[in-house]
Amino acid sequence: MASGFKGKGKNVSLEELVAKVPNGASLALGGSFLHRGPFAFVRELIRQKKTQLEIIKQSPGYDIDILCRAGIVKKVRAGIVAMEGNFGLAPSYRKAIESKAVELEEHACATLTAGLRAAAYGVPFQPCGGLQGSDIPNINGWKRIDDPYGQGEPVWVIPAISPDIAVIHANEVDQQGNVRVYGTSHWDRIMSRSSKTVLVTAEKLVEDHIFTDQPEVTLIPYFMVEAFSIVPQGAWPGSCWPYYEIDYPAVEEYMSSLSQDVLDAHLKAASEKLELINA
Amino acid sequence: MPNSWSPFSYIVTNLARFIRPNEITFSGVNSSMPMLACLMAKRAYDWDYIYINVAGGVDPEPSSIPLSSSDPVLAENTASIFDNEDFYDLCTRGRMDLTFLGAAQIDGEGSANNSVIGNWHSPKVRLPGGGGGAVMLPTAKRACTWRTEHSKRTLVDKLDFRTSWGGFHGVVTPIAVFIKRDGRLALESWNPESSLEEVKERTGFTFDASQAKPTEYPTTAEIEALRSLDPHGHFERDAAVSIRIAAHAAP
């Protein structure tokens, strides 16, 4: 198999895109809290009844909560989990961890980044600053090593984390699958470099010259992207700068109870948006 | 201007008072009060500083004040995007002058628990988790935190789990401001609506109060700056901070 993804046929439906995810896969999800996460993709994982997923993200919230709520997560590796704003803790995630239905590997955001960097750099582990006096390294069995050059303080080293798939929600892609985002890239860049493959949902398909006119704005080159799908409103109910803000009433509705009815209604409200897109 | 504090203005204003001229200061996720403090300091004081935030903003001028402290509007009118990897690296290489970090429990040394109430392996309450603290608290030049509840279960003698070590430079609650002195949190001042006795009674760790005094009331500039950020009191209402009973029972 070639190392890059060349050729046509990358532009597929959301259903086909998500069908590429095997049960038990580890997924790095882009974005942060309620901002530019691949949330339509996440809901489609639930509709397709995936199982035993491992979710990797420095600051998940809605995404890990709804996946735990649907019962399709086996393990999560995360730095900080919350719904943010006035919504507080992520209730279904919390329940899943407290009941031990889901295994947690607790990170600091920067240690998860260090693990991803190790994979991206092609080395087995990556030193990470800080962590002195924290109980987190011990929980995870991380090692601390001396500076082999004898110049600095001992440093914690984080083992490589190489997700099977990075899933990114982008502002724009072109026909080949080059990827652009606006505003902060959160951790999307290191996720794309550390993962074995990249799947993308995007708000818009734009003409090739948009990318070639300003190549330095491209976050991920096409050859790293296996497939993409055009999904306007794909970060709903979160924001996608500069197109739309958080849909707070929708998040409130989602948070209003842990009942199956509320989850079903939420998924349906989203799927109506998807049908509009396909029409 | 009346000589008074609301519990909300007390926390935000005293967080803003930790910010110093020309320093690099960061506000992160889940941090509405520090976000307001950072924006407030830009408006209230006659000096400037370098404000960076988790939305990637560098001295941004947001067109509105967001509920989410990681909202992309916090990168409006910024001339560069300083992203997540950038600000963590800045911190670990020792160039972060001041960062604000959340904490569920704080002990007398200024270490923090953001992970669990109860045993880590069998938690009573699973909290948000490590976040920035474990890496930023020991590496930032100064880190400050806030708690909307001042009680023996939030300001504890012993943490359930030590997520982050390194010692907060400052801690603000609705009734008190602590700063680090000789490796421990010392009482700097108390809310004049409260008292030294009340702070002692409601704090789970012992502390030096030899230099403590009532907190200075807000200046006109501070009051006006905060009002301009929250003209209709939405943030104050949502934060629901009270001096004596926390509105939210959850830690």
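Q52(A) is exposed in this predicted model, because just 12 other C-beta atoms lie within 10 Å and a residue counts as exposed at 12 or fewer. Its place is in the loop between α2 (39-47) and β2 (53-57) of chain A. The backbone here deserves a look, as phi of Q52(A) is near 60°, a positive value in a residue other than glycine. Chain B offers a similar case for the reader to find: N22(B), not a glycine, has a positive phi of about 70°. N22(B) sits in the loop between α1 (7-16) and β1 (24-27) of chain B and is exposed, with 10 other C-beta atoms within 10 Å. As background, most residues other than glycine have a negative phi, and most peptide bonds are trans.

Peptide bonds of the cis kind turn up in chain A. The bond from W236(A) to P237(A) is cis, with omega near 5°, and the bond from W241(A) to P242(A) is cis, with omega near -5°. P237(A) belongs to the loop between β11 (225-230) and α9 (248-255) of chain A, and P242(A) is likewise in the loop between β11 and α9.

Helix α5 of chain A, residues 109-121, takes us to the interior. Its 13 residues should span 18 Å at 1.5 Å a residue, and its end C-alpha atoms are indeed 18 Å apart. Of these 13 residues, 12 are buried, so the helix is largely enclosed by the rest of the structure. Among the buried residues are C109(A), L112(A), L116(A) and R117(A). In chain A, they pack against β3 (73-78), β5 (125-128), β7 (155-159) and α7 (188-194); in chain B, their partners are α3 (84-92) and α4 (133-139). Just after α5(A), G122(A) takes a positive phi of about 75°.

A buried residue can also be found in a loop of chain B. I175(B) lies between β10 (170-172) and β11 (176-181) and counts as buried, with 23 C-beta neighbours inside 10 Å. Beyond four places in sequence, I175(B) is in contact with H150(B), W190(B), N191(B), S194(B), E198(B), V199(B) and I243(B). The C-alpha atoms of I175(B) and A37(B), 138 residues apart along the chain, are separated by 17 Å.

As for confidence, the predictor gives the complex an ipTM of 0.95 and a pTM of 0.96. Chain B has a mean pLDDT of 95, and 96% of its residues reach 70 or more. Over residues 246-251 of chain B, however, pLDDT stays under 50. The model has nine contacts beyond four places in sequence for this stretch. Where pLDDT is low, the predicted coordinates should not be read in detail.

How values were computed:
Residues numbered from 1 in each chain as written. Chains lettered and ligands numbered in written order. Predicted model: local features only at pLDDT ≥ 70, side-chain atom pairs only at ≥ 80, totals over all residues. Helix = DSSP H or I, 4+ residues; strand = E, 2+ residues; numbered from the N terminus. Expected span 1.5 Å × (residues − 1). Buried ≥ 20, exposed ≤ 12 C-beta atoms within 10 Å, placed from the backbone. Contact = placed C-beta atoms within 7 Å. pLDDT = per-residue confidence, 0-100.
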